[in-house]
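Hi everyone, thanks for coming. Today I'd like to walk you through one structure, so please have the picture open in front of you.

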Amino acid sequence: MESSASTGLAGSAPKLVLRLFSGIAGAALLVGSAPLTFGAALFAPFGMFVGRRVAERRGRPFTGLASWVSAALGSGLAIVVALVLAFAFMPDSTWKEIHESTVKAQSQQSSGGGPNWMRPDPATAKIITSPAFTIGVLIIASVFAGIFLGAIAGTPGWLAMLLLSYAIRGRPRP
């Protein structure tokens, strides 16, 4: 009888060691990726938490792909908020420099050589040289940068949370 009890305990020892190493690796990955992603990887667990709650509320399974997308969206949202705050607190002189350099580049492009079909018509030229157009393009570029960088920054946070989840629960779960 003792041999079967000791066999069961010996069989769980490798699993406990694996869970311990999984926890150490997950914590190291999360802490190590934070400075490399400027803290955006730390928002991946929040995104996964929100994604899980949304999936449970809708009665759908929370798959591995859904957990990765949630982690990327959480990190991407943090990046977009950081970019919006950076643009909001940008001095007026910087905005003027951006606008002047944009107008200068656009005027050089339109007055320069090249075939006629590449030159914009007057209405289009007026639109693309307006400050509102410049700000709109910056906003759209910030959103795309947030999505792209969120996928990059959210992946180590997602992997770290999978490792930590296995260490805590003992079973792999997104």
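I'll begin with the whole chain and then visit a few places along it.

First, a word of caution: what you see is a predicted model. The chain has six helices and zero strands. Read from the N terminus, the order of elements is simply α-α-α-α-α-α. There are 174 residues in the chain, and 26% of them count as buried. The accessible surface comes to about 11700 Å², with 73% of that belonging to carbon and sulfur atoms. Now look at how the chain meets itself. If we take contacts between residues at least 6 apart in sequence, 75% of them join residues at least 24 apart.

Here is an example of two residues that lie far apart in sequence. Arg-169 and Arg-19 are separated by 150 residues, yet their C-alpha atoms are 8.9 Å apart in space. Arg-169 belongs to helix H6, and with a relative accessible area of 43% it is partly exposed.

Let's move to helix H3, residues 64-88. How far should its 25 residues span, at 1.5 Å a residue? The expected value is 36 Å, and the end C-alpha atoms are indeed 36 Å apart, so the two agree. Several residues of H3 are buried, including Ser-67, Gly-74, Ala-78 and Val-80. What do those buried residues pack against? Their partners are helix H2, residues 44-58, and helix H6.

We can see part of that from the other side. Ser-142 sits in helix H6, which covers residues 131-169. Is Ser-142 buried or exposed? Its relative accessible area is 7%, which is under the 20% cut-off, so it counts as buried. Leaving aside residues up to four places away in sequence, Ser-142 touches Val-80, Leu-83 and Phe-87. Its side chain also reaches the backbone oxygen of Leu-138, at 2.8 Å.

Helix H6 has something to show on the outside too. Ile-147 is in this helix, and it is exposed because its relative accessible area of 52% is over 50%. Ile-147 is one of the residues that make a nonpolar surface patch of about 580 Å². The others in the patch are Ile-135, Ile-139, Ile-140, Val-143 and Phe-144. When you look at those numbers, keep a general point in mind: an α-helix has 3.6 residues a turn, so residues three or four places apart point the same way.

Next, the charged side chains. How many salt bridges are there? The count comes to one. It joins Glu-56 to Arg-53, and the closest N and O atoms are 2.8 Å apart. Both residues lie in helix H2, three residues apart, which is about one turn of the helix. Glu-56 is partly exposed, at 44% relative accessible area, and Arg-53 is partly exposed as well, at 36%.

My last stop is Phe-38, in the loop between helix H1, residues 2-36, and H2. Phe-38 has a positive phi of about 55°, although it is not a glycine. For background, most residues other than glycine have a negative phi. Phe-38 is also exposed, with a relative accessible area of 80%.

To recap two of the stops: Ser-142 is buried, whereas Phe-38 is exposed. Thanks for listening, and do take another look at the picture!

Note on methods: Residues numbered from 1 in each chain as written. Predicted model: local features only at pLDDT ≥ 70, side-chain atom pairs only at ≥ 80, totals over all residues. Heavy atoms only, no water. Helix = DSSP H or I, 4+ residues; strand = E, 2+ residues; numbered from the N terminus. Buried < 20%, exposed > 50% of the residue type's maximum accessible area, 1.4 Å probe, protein only. Polar contact = N/O pair within 3.5 Å; in protein donor to acceptor, adjacent residues only side chain to side chain. Contact = heavy atoms within 4.5 Å. Expected span 1.5 Å × (residues − 1). Patch = residues over 30% accessible without salt bridge, like charges linked within 9 Å, V, L, I, M, F, W, Y side chains within 5 Å. Areas by Shrake-Rupley, 256 points an atom, 1.4 Å probe, with all protein chains shown as cover. Salt bridge = Lys/Arg side-chain N within 4 Å of Asp/Glu carboxyl O.
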